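Got the model open and want to poke at a few of its pieces? Let's go through them together.

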Amino acid sequence: MSYIAKPKVTHPGLPRNELGLTVRDYEGGMSTLCAGCGHDSVTSAIVQAAFELNLPPHKMAKLSGIGCSSKTPAYFLSQSHGFNSVHGRMPSVATGANAANRGLVYVGVSGDGDSLSIGLGQFAHAIRRNVNMLYIIENNGVYGLTKGQFSASADVGSKAKKGEENLQPPIDPCQMAIALGCGFVARSFSGDKQQLVPLLEAGIRHNGFALIDVISPCVTFNDHEGSTKSYHFTREHYHPAIHADYIPPAAEIRAKYDEGCAMPVTLHDGSQIVLRKVDPDYDPTDRAAAIAHLEQLSAAREIVTGLLYIDESKPEMHELNKTTETALNKLPFERLCPGRDALRSLQQRFR
Amino acid sequence: MSTGPKDNDFTIKIANVNGTGSASANALLMKVFFRMGIPVVGKNYFPSNIQGLPTWYEIRVSGDGHLGRSGRVDLMIAMNAETYQKDLHELAPGGYLIYDSTWPRHRQLKRDDVHILGIPLARMCNEHFDTARARVLMKNVAYVGAVAALLDLDMEVIREALQRTFASKQHLIDANLTAIDLGYNYAREHFQCPLPFRARPMDATAGHIMIDGNTATALGCLYAGATVGAWYPITPSTSVMDAFKSFAEKYRRDPDSDERNFVILQAEDELAAIGMVLGANWNGARAFTPTSGPGISLMSEFLGYGYFTEIPAVVIDVQRCGPSTGMPTRTQQADIMACAYASHGDTRHILLFPANPEECFYMAVQAFDLAERMQTPVIMLTDLDIGMNDWMCRELDWDDAYQPDRGKVLDAAALEKMASFHRYLDVDADAIPYRTFPGEHPRGAYFTRGSGHNMYGAYTEDAREYQEVVDRLRRKWETAKRYVPEPIVEYSEKYRSGIISLGSCNDAVQEARARLRDAGVGTNYLRVRAFPFTDEVQQFIDAHERIYVVEQNRDAQLRSLLLLETRCDQDRLIPVLHYNGLPIDAAAVTDAINEDLQKGVAA
């Protein structure tokens with residue numbers, strides 16, 4: 001975790017967003033991850049996305065589990081509350097936090113060990129409840145903090161640093177999320193900020209659970225020859241299927257897209273994602289087709305990226321519960337306590 | 001053994017097969033005594049099963065107001081052929097047994113020292129009711145009728161009770177009244193009515209209610225302003241959330257929009273349930289989770305997290321018989337140690353020990369206040385006996401002037417005036433820091449972490465910085481002693497022996513003390529209501545030569561906790577233990593104390 005304070009020096013020429021904040025206002029403490037770690041690129045993409053979305057930093061809550069990836073919330077948005085929970089249990093904390101106050105932006109950062117092994121159950125159930133949050137998996141196929149054991153996302157045949165081969169099939173969080181009914185499923189690469197930033201923005205604005213699985217290589221334990229989660233392998237097999245551009249509400253769509261290939265999807269708050277299909281026959285609104293496509297390309301060792309599946313129509317947790325609009329933690333006590341007379345009369349039935 | 005049976009002092013036990021609709025008939029019978037003004041308690045001994053296994057309901061009628069388990073049966077209603085032999089055996093000498101004489105009894109099943117009353121319940125109901133379901137159900141109501149004749153119950157009260165239960169369904173009222181009459185008339189015609197012991201109307205139940213602890217706990221959570229409840233279904237705590245849900249649906253819906261101002265999360269397991277509770281409390285809502293022993297085991301990692309990161313949480317542990325799955329539908333107080341120090345590392349938790357449903361209500365409210373004042377998880381330990389049985393207690397009252405104690409929380413206005421905020425600084429020298437909620441103010445932001453942190457909230461692996469924080473947590477524990485409920489002490493300088501007990505042992509202990517007093521043995525009594533132990537506990541220990549520690553577990557867990565957390569000599573604390581899954585009775589206490597006194601005489 002970061003305990004080195006970053007000097008707060010802002011260049012006067014730095015651009016400011018609608019809140020008058022610069023990118024520096026969205027940064028956090030100094031990263032203590034290995035030099036070149038993919039996770040640091042994801043951190044910087046999150047900073048960029050929050051800046052571009054004009055998010056008031058304190059209106060975001062950032063949560064994580066345990067592992068290298070889960071350390072990263074300390075490295076962005078130092079003016080946001082952070083919750084570094086226990087291993088694999090961030091989804092439950094995020095669910096409870098969201099239950100208490102539906103008015104904040106919730107960003108969860110997890111890893112492949114945290115989400116696909118120890119936390120697989122909580123990951124699945126947060127999707128099932130459709131908790132309104134962005135859930136990022138920084139996926140590198142290994143346990144970094146314990147020095148390089150395979151994780152559940154390691155591919156069959158992928159080699160560990162010392163040559164050991166992984167024999168067990170990987171769990172693909174994207175396929176799993178689509179199968180579980182997640183309404184926003186994307187995959188990206190820490191080395192492709194162009195693709196990642198708009199996906200993060202759209203994921204934050206999506207109403208409900210948004211999953212972004214980010215291939216984020218571990219430079220120390222999984223970036224060698226024979227690894228299928230290395231920078232080299234990922235670049236070689238990188239297969240963008242759908243590119244997403246995030247368009248904030250009321251902004252004009254300026255970019256030109258080819259008819260038939262561009263597909264605007266309106267989000268809950270009026271913003272839009274314009275999807276540009278790289279694979280012309282890929283339909284990211286067709287659940288079965290999305291799974292089939294992923295299955296097919298992963299068999300060919302291709303890493304399919306972009307916004308893989310979207311369904312904006314699913315009600316999120318509070319809509320399903322018919323919760324009041326006011327954050328529960330803001331309700332005055334008088335509205336919560338039925339009072340003395342009610343207690344008297346309800347006890348009639350205990351006589 | 002109590003001296004009964006006599007008028008208004010006897011125990012009825014009804015042996016049924018579960019899933020045959022006996023529960024409502026038995027509850028009706030229990031309520032009739034209550035409405036006749038006679039103190040009564042109903043205890044359910046049921047299987048971990050839905051249909052087809054033996055189940056018993058025990059009604060103790062006690063004009064003297066002793067409402068623990070009596071440990072004897074004076075009138076047995078043996079409706080289950082499978083357990084008939086055992087039920088017959090359990091009946092006290094001179095007692096009465098009712099059985100369904102539609103079918104002949106096995107010749108070997110007999111006892112000469114009891115009275116056997118055969119009533120052809122099935123045959124009568126078959127003749128009077130058409131459907132198979134009605135015939136099964138009405139058999140139960142018919143034995144209530146027979147008991148009414150045998151114990152001289154007020155028929156008007158029975159009629160009224162049926163009317164209240166079935167309100168607008170006249171055909172059900174009629175059917176039930178027919179069945180009552182069948183049993184009543186048969187008993188009057190064939191037996192000497194009433195029996196030598198009978199019910200006599202009193203005026204001892206006014207201002208009282210019959211309620212189970214789980215319902216009372218749920219009411220406490222509702223009145224405390226809890227908005228988030230997370231849980232995983234587990235016997236015997238399930239009815240806490242069932243009750244909370246039904247109360248919340250009634251009292252927490254917006255009158256205009258019908259929207260809910262609460263969220264109930266049925267979690268995927270107890271690990272998630274406590275995670276949700278911590279997340280919600282961290283975010284400024286009052287949140288709770290009801291569970292039982294196995295759930296506490298699963299929650300342990302997060303409980304340590306809550307302790308170290310100082311997040312309030314309310315956990316209700318309705319204890320059942322352990323270890324492991326144990327006996328889920330039997331009672332025990334065997335989670336005391338597991339809760340006190342739940343989780344790895346130096347961890348300790350505030351515990352509350354209500355003794356009955358009335359205290360469940362008030363202590364549930366107090367649990368939220370304590371959790372937020374002390375910024376730590378609070379575990380309220382009830383048990384199956386309190387949680388699921390019908391107890392007579394004083395009507396619950398509420399002070400409309402009550403405002404929740406949210407503890408030290410800085411809001412946006414306060415933060416605006418501050419130069420900086422640090423989460424774990426001991427500003428007021430009481431070891432309780434200030435906290436902030438997400439979304440309030442950028443200056444309030446901090447990073448909650450279960451890893452080593454210093455007093456400013458930053459990550460640390462520095463020896464001194466780490467120790468500063470854990471030492472302050474220990475000092476905060478001392479502060480907690482000022483806020484937890486004090487023990488209930490009954491003390492006289494005359495007596496040299498004391499009893500320390502907790503929770504649902506209370507009624508048995510009080511009854512035992514009365515019996516011992518009658519035999520010339522006076523005892524003082526301290527009922528622990530919270531952990532950490534307050535100074536009164538130490539004073540009580542210091543003031544006695546011998547102290548009997550009465551509790552419902554094998555390993556004397558309360559005694560262990562007292563030895564660990566007070567200054568006391570091992571030999572002075574005599575364990576008095578009851579742990580077979582049934583609620584403790586007074587005899588368990590008197591027998592142990594008498595035995596110890598005998599030893600003293602012999603030595």
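What follows is a short round of questions and answers on this predicted model.

Q: How many residues of α1(B) are buried?
A: Helix α1 of chain B covers residues 22-35, which makes 14 residues. The buried ones include B:Ala25, B:Leu29, B:Val32 and B:Phe33, and a residue counts as buried if 20 or more other C-beta atoms lie within 10 Å of its own. The helix is mostly covered, and the count of buried residues is 10 of 14.

Q: What span from first to last C-alpha does α1(B) reach, and what is expected?
A: α1(B) has 14 residues, and the yardstick is 1.5 Å a residue. The reach comes out close to that expectation: 20 Å against an expected 20 Å.

Q: Which residue with a positive phi follows α1(B)?
A: The helix itself runs over residues 22-35 of chain B. After it comes a residue with phi near 85 degrees, and that residue is B:Gly37.

Q: Where is the kink in α4(B) centred?
A: Helix α4 of chain B takes in residues 132-151 and reaches 29 Å, close to the expected 28 Å. Even so, there is a kink of about 25 degrees in the helix, and its centre is B:Met138.

Q: Why is α4(B) largely enclosed by the rest of the structure?
A: Burial here takes 20 or more other C-beta atoms within 10 Å of a residue's own. α4(B) has 20 residues. It is largely enclosed because the residues that are buried number 15 of 20.

Q: Which residue just after α4(B) takes a positive phi?
A: α4(B) ends at residue 151 of chain B. Just after the helix, phi turns positive at about 60 degrees, and the residue is B:Asp152.

Q: Which residues of β11(A) point to the buried face?
A: Side chains alternate along strand β11 of chain A, residues 272-277. A:Gln272, A:Val274 and A:Arg276 point to one face and are not buried. On the other, buried face sit A:Ile273, A:Leu275 and A:Lys277.

Q: Which residue is the bridge partner of A:Tyr246 in β11(A)?
A: Strand β9 of chain A, residues 238-247, runs antiparallel to β11(A), and six bridges join them. For A:Tyr246, the partner in β11(A) is A:Ile273.

Q: Which residue in the turn between β10(A) and β11(A) has a positive phi?
A: β10(A), residues 262-266, pairs with β11(A) in the antiparallel sense over five bridges, with A:Thr266 bridged to A:Gln272. The two strands form a hairpin with five residues between them, and the turn residue with phi of about 95 degrees is A:Gly270.

Q: What distance separates the centres of domain 1 and domain 3 of chain B?
A: In chain B, domain 1 is 9-205 and domain 3 is 409-478. Taken over C-alpha atoms, their centres are separated by 61 Å.

Notes
Residues numbered from 1 in each chain as written. Chains lettered and ligands numbered in written order. Predicted model: local features only at pLDDT ≥ 70, side-chain atom pairs only at ≥ 80, totals over all residues. Helix = DSSP H or I, 4+ residues; strand = E, 2+ residues; numbered from the N terminus. Expected span 1.5 Å × (residues − 1). Buried ≥ 20, exposed ≤ 12 C-beta atoms within 10 Å, placed from the backbone. Domains from an automatic or database assignment. Pairing = 2+ DSSP bridges. Bend = angle between axes of the 7 residues up to and from the residue.
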